[in-house]
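Here's a quick tour of one model, going from the sheet outward to a few residues worth a closer look. Have the structure open as you read.

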Amino acid sequence: MNTPSNGPLVSVLVPLLNEEESLPELNERLHRALQGMGKPYEIIYINDGSTDSSQELIESFRRDDSRVKVIEFNRNYGQHMALFAGFERAQGDIVVTIDADLQNPPEEIPRLVSTIEKGYDLVGTYRKMRRDSIFRKIPSFIVNKITSRLVGVKLRDYGCMLRAYRRDIVSSINMCQESSSFIPALANTFAKRIAEIEVGHEERKKGVSKYSLFRLLRLNFDLMTGFSLLPIQWIGMLGMIIAAFGLAFAIFLLVRRFVVGPESEGVFTLFAILFFFMGIQILTLGIIGEYIGRIFQEVRRRPRFIIRKELL
């Protein structure tokens, strides 16, 4: 068994859900890439409720090398909750996050670490020649645009989980106890010097993606309501504009009645306008409901996640 003599300089967090097919190759490539840097390191696998043999595999990695740490959730809480658990237990001065699906090559990690060592607080990445379907690229493009607008930091790819954080940024993230959050956006609110570098991207060869179109849309709502009041403010301005148009249209109809006299034409136009207003009202109620739902989640103060087993 290999046991480092000093504490780790680099901590690598790997959230995973049913990735038994890719884990052996991932673990081997991670160790090879990290050993090549010549720096003490640790790898923390966070099992986010897997139902396959992923837990047995990462425990076997732990038995072979004490630099491997294992956290197991009692059920699935989501990738970002898994990262919160990893951040709380990571000991390295530099913390790197990476998906377990091997689409982001572990061999890119030394480049992230060297960029952090140049004095940056956070290093993001964007995927070169991204090898995903158009149904993944379009929602991701929308997420990137919304996140850049809400956070105020324009990056090309907020969806790439291969990122590096300096210790003080991780400490700031650990102080945040909200029940739902998007970590790349949250970290950018604390970081002063941010870099973004290009990394390779590979096709998923094993397993299936855990991010469906619905989950990406759900992420968009979380971003809008979790990091800004802009949606509510936009709706307020839209309401004032519509009210002004409505008043102008009412004055127009009143003048027209005096000039032309009573008429029955325009009924369907009025119906169209009515349905438009109803759609705006329903949208408004939905966005307000998102904010109220987040408040409800926070005031319950339930644990963000429950850990079944830790091997640290």
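Which residue in strand 2 is the bridge partner of Leu-16? It's Asn-47. Keep in mind as you look that this is a predicted model.

## The sheet

That pair belongs to a longer match-up: strand 1 (residues 10-16) and strand 2 (residues 41-47) run parallel and are joined by 7 bridges. Both sit in an open sheet of 8 strands, ordered 7-5-6-4-1-2-3-8, and the pairing across it is mixed. At the edges you'll find strand 7 (194-199) and strand 8 (307-311); each has a single partner strand, so one side of each goes without a neighbour in the sheet. Going from one strand to the next, the twist averages 20°.

Now bring in helix 4 (residues 109-116), which packs on this sheet. Its contacts are with strand 1, strand 4 (94-97), strand 5 (122-127), strand 6 (163-166) and strand 7, and the direction of helix 4 makes about 160° with that of strand 7.

## The whole chain

Stepping back, the protein chain has 10 helices and 8 strands. Of its 312 residues, 46% are buried. Take the contacts with a separation of 6 or more: 83% of them are between residues 24 or more positions apart. As for the surface, the chain exposes about 16400 Å², with carbon and sulfur atoms supplying 61% of that.

## Two nonpolar cores

The largest nonpolar core counts 32 residues, and the ones with the most contacts inside it are Val-12, Val-14, Tyr-45, Val-96 and Ile-109. Plenty of elements chip in: strand 1, helix 1 (23-35), strand 2, helix 2 (54-64), strand 3 (68-73), strand 4, helix 4 and strand 7 each give two or more residues to this core. Apart from it lies another core, this one of 26 residues, including Ile-44, Leu-83, Val-95 and Ala-191.

What does Val-12 touch, leaving aside its neighbours within four places in sequence? Its contacts are Leu-30, Leu-34, Glu-42, Ile-43, Ile-44, Val-96, Ile-98 and Ile-109.

## Two positive phi values

Most residues other than glycine have a negative phi, which makes the next two worth a look. Asn-18, in the loop between strand 1 and helix 1, has a phi near 55°. Leu-102 has a phi near 70°, and its place is the loop between strand 4 and helix 4.

Are these two buried or exposed? Asn-18 is partly exposed, since its relative accessible area is 27%. Leu-102 counts as buried because its relative accessibility is 8%, and the cut-off for buried is under 20%.

## A histidine in helix 1

Finally, have a look at His-31, which lies in helix 1. At 10% relative accessibility, His-31 counts as buried too. What is it in contact with, once neighbours within four places in sequence are set aside? His-31 touches Tyr-41, Ile-43, Asp-65, Arg-67 and Val-68.

One of those contacts, Asp-65, is 34 residues from His-31 along the chain, and the C-alpha atoms of the two are separated by 10.0 Å. Another, Ile-43, also turns up among the contacts of Val-12.

Methods. Residues are numbered from 1 along each chain as its sequence is written. This is a predicted model: local features need pLDDT of at least 70, side-chain atom pairs count only at pLDDT 80 or more; totals for chains, interfaces and linings use all residues. Side-chain values use heavy atoms; hydrogens and water are left out. Two strands pair if DSSP finds at least two bridges between them. Helices (H or I, at least four residues) and strands (E, at least two) are DSSP runs, numbered from the N terminus. Axes are lines fitted to C-alpha atoms, for helices over the stretch in contact, and angles run from 0 to 180 degrees between N-to-C directions. Contact means heavy atoms within 4.5 Å. A nonpolar core is a set of buried Ala, Val, Leu, Ile, Met, Phe, Trp, Tyr and Cys residues joined through side-chain atoms within 4.5 Å. Buried means under 20% relative accessible area, exposed over 50%, partly exposed in between (1.4 Å probe, protein chains only). Accessible areas come from the Shrake-Rupley method with a 1.4 Å probe; for residues, only the protein chains shown count as cover.
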